[in-house]
Amino acid sequence: MSRVLSEVGGRVGEEVQVERGPLGPVQFWRGESRYVVGELLDSWVETPAWWQRATAGGASGDLVSTREVWRLEAVRAGRSRMSFAGVYDLSWDATENRWSLVRVHD
């Protein structure tokens, strides 16, 4: 089961700070908490739905607007990976220069 984080201000997800390595995120900060990535599970590219592009002005740049998504296993810094690891989806929106936590998997 996964929880999609609610939409805030027209954006889905919660803004997070991310340190990115050559293969993807290596750690991220959610509020004051730091999470260390243990394993990158998957990655893909998403394009916005056509109805979201139309509300954003419909400019041709919106047609190719994409966001990169990483599914990763991470643990809050200082905790045991064996007991407290979670699976998270982080997305990078280059258009907005913004990282978001978009899903938390139970």
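**Strand pairing, aromatic pairs and salt bridges in a predicted model**

Glu14 comes out as partly exposed, at a relative accessible area of 27%. The model here is a predicted one, and Glu14 is a handy place to start on its charged pairs. The side chain of Glu14 meets that of Arg30 in a salt bridge, at 2.9 Å from N to O. Glu14 belongs to strand S4 (residues 14-15) and Arg30 to strand S6 (residues 25-30), so this pair ties together parts that lie 16 residues apart in sequence. Arg30 is partly exposed too, with a relative accessible area of 26%. As a bit of background, side chains of opposite charge can pair when their charged atoms come close.

Overall, the count of salt bridges comes to seven. Another one of them brings together the side chains of Glu68 and Arg20, at 3.3 Å from N to O. With Glu68 in strand S8 and Arg20 in strand S5 (residues 17-20), the pair ties together parts that are 48 residues apart in sequence. Glu68 sits at 27% relative accessibility, so it counts as partly exposed. Arg20 is likewise partly exposed, its relative accessible area being 44%.

Then there is Arg67, whose side chain meets that of Glu46 in a salt bridge of 2.8 Å, N to O. This one links distant parts of the chain, with Arg67 in strand S8 and Glu46 in strand S7, 21 residues apart. Arg67 is partly exposed, with 21% relative accessible area; since the cut-off for buried is under 20%, Arg67 falls outside the buried class. The pair does not stand alone: Glu46, Arg67, Arg71, Asp89 and Arg103 are joined into one network by salt bridges that share partners.

Now for the strands themselves. Strand S8 (residues 67-76) pairs with S9 in the antiparallel sense, over seven bridges. Within that pairing, Glu73 has Val87 of S9 as its bridge partner. S9 also runs antiparallel to S10, and seven bridges join the two. Of the eight residues of S9 (residues 86-93), seven are buried, so the strand is largely enclosed by the rest of the structure.

Across the pairing of S9 and S10, Ser91 stands opposite Ser100. Ser100 lies in S10, which covers residues 98-105. At 3% relative accessibility, Ser100 counts as buried, because the buried class takes in anything under 20%. The side chain of Ser100 also has a polar partner: a contact of 2.3 Å joins it to the side chain of Arg98. In general, side chains in a regular strand alternate between the two faces of the sheet.

The turn of this hairpin has its own quirk. Four residues lie between S9 and S10, and Asn97 takes a positive phi near 50° in the hairpin. That positive phi comes at a residue that is not a glycine. Asn97 is placed in the loop between S9 and S10, and its 59% relative accessibility means that it counts as exposed. Ser100 in S10, by contrast, is buried.

Val36 gives a view from strand S7, which spans residues 33-46. Its relative accessibility is 31%, so Val36 counts as partly exposed. Val36 and Glu73 are 37 residues apart in sequence, yet their C-alpha atoms are 8.6 Å apart in space. Leaving aside neighbours within four places in sequence, the contacts of Val36 are Val26, Gln27, Glu73, Ala74, Val75 and Ala77. Glu73 thus turns up twice, as a contact of Val36 and as the bridge partner of Val87.

That leaves the aromatic rings, where the count comes to five pairs. Trp70 and Trp99 form one that is tilted, at 5.4 Å centre to centre with 35° between the planes. Trp70 lies in strand S8 and Trp99 in strand S10, so the pair ties together parts 29 residues apart in sequence. Trp70 and Trp99 are both buried. Trp99 makes a further tilted pair with Trp92, also at 5.4 Å centre to centre, this time with 40° between the planes. Trp92 is buried as well, just like Trp99. Elsewhere, Phe28, Tyr35 and Tyr88 form one aromatic cluster.

Notes. Residues numbered from 1 in each chain as written. Predicted model: local features only at pLDDT ≥ 70, side-chain atom pairs only at ≥ 80, totals over all residues. Heavy atoms only, no water. Buried < 20%, exposed > 50% of the residue type's maximum accessible area, 1.4 Å probe, protein only. Polar contact = N/O pair within 3.5 Å; in protein donor to acceptor, adjacent residues only side chain to side chain. Pairing = 2+ DSSP bridges. Phe/Tyr/Trp six-rings, centres within 6.5 Å; stacked < 30°, edge-to-face > 60°. Contact = heavy atoms within 4.5 Å. Salt bridge = Lys/Arg side-chain N within 4 Å of Asp/Glu carboxyl O.
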